[in-house]
Amino acid sequence: MSAKTILITGVSRGLGRAMAEEFIRDGHIVFGCGRSSSAIEELRKVFGKPHGFDVVDVASDGSVKAWAARLLKSHGPPDLLLNNAALINKNAPLWKVPADEFDRVMDVNIKGVANVIRHFTPAMIEKGRGVIVNFSSGWGRSTDAEVAPYCATKWAIEGLTQALAQEFPGGMAAIPLNPGVINTDMLQSCFGGSASSYPTADQWAKRAVPFLLGLGPKHNGQPMTVS
Ligand SMILES: NC(=O)c1ccc[n+]([C@@H]2O[C@H](COP(=O)([O-])OP(=O)(O)OC[C@H]3O[C@@H](n4cnc5c(N)ncnc54)[C@H](OP(=O)(O)O)[C@@H]3O)[C@@H](O)[C@H]2O)c1
């Protein structure tokens, strides 16, 4: 398989970091972002050029715009764009979630995804190809107590992605993805100690990366799950 250009938001830890390593091991070129400057610096040291890692908060439309302009100019549109960055609220009934925490979950999980789509998609449409995978969740198709803000954002991602799929020209795909249940910081936040009984991000990435590379126009608009 020829080398693909992969863009991953939330690459500094968890699923994003594990996918970056696996795509690179497989011979692909990875660009990614996260907020933690120390983690981004470490990624730059471990994986030099042609890969590229930047400190970008996806909730900032201006920062995403500048990042996209730079990357599109130097490397052109990505073949595969993974909207992976997200936050989860601290477990609590909805009426006890502070307004600023609720807003932040919306800002990153919904508006952040829209910001990335706003600034990267036009170049992909112009080229007439590319796959966008928006990370949803089991909680984008079902619900549980104490994670209502997170559920709201992931249900939104399912709808946003299926509408986007209807807007895309042939040759492209927008796909909502439930990655499964994986032991990351996010899972530890909502599952506590039982998170450790689930696969690690590295174990998951070995299954997820070939699955992601197999997605194409025929999957446009289809909710998918990494099995
Ligand atoms: N783990 C699971 O079992 C599970 C299940 C279903 C769905 N998911 C979904 O899978 C994706 C990855 O989850 P995960 O478990 O890997 O989460 P995680 O361990 O909490 O990692 C989240 C990543 O997103 C980045 N991030 C957060 N806010 C950001 C922002 N504003 N701008 C840029 N990057 C940001 C974080 O880095 P910084 O802190 O450096 O910014 C980190 O790299 C998420 O969309 C999540 O909802 C996960």
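What follows is a short chat between a trainee and a mentor about this predicted model.

Trainee: Before we start, what are the ground rules for this model?
Mentor: Residues are numbered from 1 along each chain as its sequence is written, and side-chain values use heavy atoms, with hydrogens and water left out. As the model is predicted, totals for chains, interfaces and linings use all residues, side-chain atom pairs count only at pLDDT 80 or more, and local features need pLDDT of at least 70.

Trainee: How many helices and strands does the chain have?
Mentor: Helices (H or I, at least four residues) and strands (E, at least two) are DSSP runs, numbered from the N terminus. Along the sequence they read β-α-β-α-β-α-β-α-β-α-β-α-α-β. That makes seven helices and seven strands.

Trainee: Is T121 buried or exposed?
Mentor: T121 lies in helix α4, residues 99-127. Buried means under 20% relative accessible area, exposed over 50%, and partly exposed in between (1.4 Å probe, protein chains only). At 4% relative accessibility, T121 is buried.

Trainee: Which residues does T121 touch, leaving out those up to four places away in sequence?
Mentor: A contact here means heavy atoms within 4.5 Å. By that cut-off, T121 touches V116, I132 and F168.

Trainee: How many salt bridges are there?
Mentor: Side chains of opposite charge can pair when their charged atoms come close. We call it a salt bridge when a side-chain nitrogen of Lys or Arg is within 4 Å of a carboxyl oxygen of Asp or Glu. By this rule the count is 14.

Trainee: What is the N to O distance in the salt bridge of E42 and R17?
Mentor: E42 is in helix α2 (residues 37-46) and R17 in helix α1 (residues 14-25), so their pairing ties together parts 25 residues apart in sequence. E42 is partly exposed at 37% relative accessibility, while R17 is buried at 16%. Their N to O distance is 2.7 Å.

Trainee: Which residue forms a salt bridge with R129?
Mentor: R129 is partly exposed, at 41% relative accessibility. Its partner is buried, at 14%. The side chains meet at 3.0 Å, N to O, and the partner is D79.

Trainee: Which residues are joined into one network by salt bridges that share partners?
Mentor: Look again at the pair of E42 and R17, as both belong to this network. The full set is R17, E21, E22, R25, E42 and K206.
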